[in-house]
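Let's take a walk through the charged side chains here and see who pairs with whom. Have the viewer open and follow along.

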Amino acid sequence: MDLTWEVLAPDYQRLVGVLEAVAEAEAGGSGLRARELAVQLGLEAVRAKAEELRSKGKRLVERGRPADERPGVFTPRRAAG
């Protein structure tokens with residue numbers, strides 16, 4: 001089930017937006033770990049924030065948004081085709 005941008009809660013929209021922005025800036029990039037996501041979102045790079053983002057990232061992966069081609073590393077879902 002692929003979610004559209006509009007149905008995501010604001011926190012999830014920000015998370016996906018950061019992943020997409022970093023991927024564009026790095027020409028595909030290698031993805032971000034939860035702690036790196038925290039920094040990109042302007043949060044403290046502490047374990048509690050990283051765990052919260054990891055949990056949100058995994059929920060999004062289950063619903064078809066970011067990919068986790070490598071364990072613990074989130075990347076934006078690549079367009080099919």
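What do the side chains of Glu-51 and Arg-54 meet in? They come together in a salt bridge, with 2.4 Å from N to O. Keep in mind that this is a predicted model. As for placement, both Glu-51 and Arg-54 belong to helix H3, and they sit three residues apart, which is about one turn of the helix. Neither end is hidden away by the usual cut-off: buried means under 20% relative accessible area, while Glu-51 comes out at 37% and is partly exposed. Arg-54 is partly exposed too, with a value of 26%.

That pair has company, as the structure holds four salt bridges in total. The general idea is simple: side chains of opposite charge can pair when their charged atoms come close.

Now move along to Lys-56. This lysine forms a salt bridge with Asp-11, and the closest N and O atoms are 3.1 Å apart. Asp-11 lies in helix H1, residues 10–25, whereas Lys-56 lies in helix H3, residues 47–62, so this contact ties together parts that are 45 residues apart in sequence. The two ends also sit in unlike surroundings: Asp-11 is partly exposed, at 42% relative accessible area, but Lys-56 is buried, at 11%.

Lys-56 isn't done yet. A salt bridge also links Lys-56 to Glu-52, where the closest N and O atoms are 3.4 Å apart. This one stays inside helix H3: Lys-56 and Glu-52 are four residues apart there, so about one helical turn separates them. Glu-52 is partly exposed, with a relative accessible area of 38%. Put the shared partner to use and you get a single network, in which salt bridges join Asp-11, Glu-52 and Lys-56.

What about rings? Look at Tyr-12 and you'll find Lys-56 once again, this time lying over the face of the ring, at 5.6 Å from the ring centre. If you go hunting for aromatic pairs, though, you'll come back empty-handed, since the structure holds zero of them.

So, to retrace the route: begin with Glu-51 and Arg-54 on helix H3, then turn to Lys-56, which is buried and joined with Asp-11 and Glu-52 in one network, and finish on the face of Tyr-12, where Lys-56 lies.

Technical notes. Residues numbered from 1 in each chain as written. Predicted model: local features only at pLDDT ≥ 70, side-chain atom pairs only at ≥ 80, totals over all residues. Heavy atoms only, no water. Helix = DSSP H or I, 4+ residues; strand = E, 2+ residues; numbered from the N terminus. Buried < 20%, exposed > 50% of the residue type's maximum accessible area, 1.4 Å probe, protein only. Phe/Tyr/Trp six-rings, centres within 6.5 Å; stacked < 30°, edge-to-face > 60°. Lys NZ or Arg CZ within 6 Å of the ring centre and 35° of its normal.
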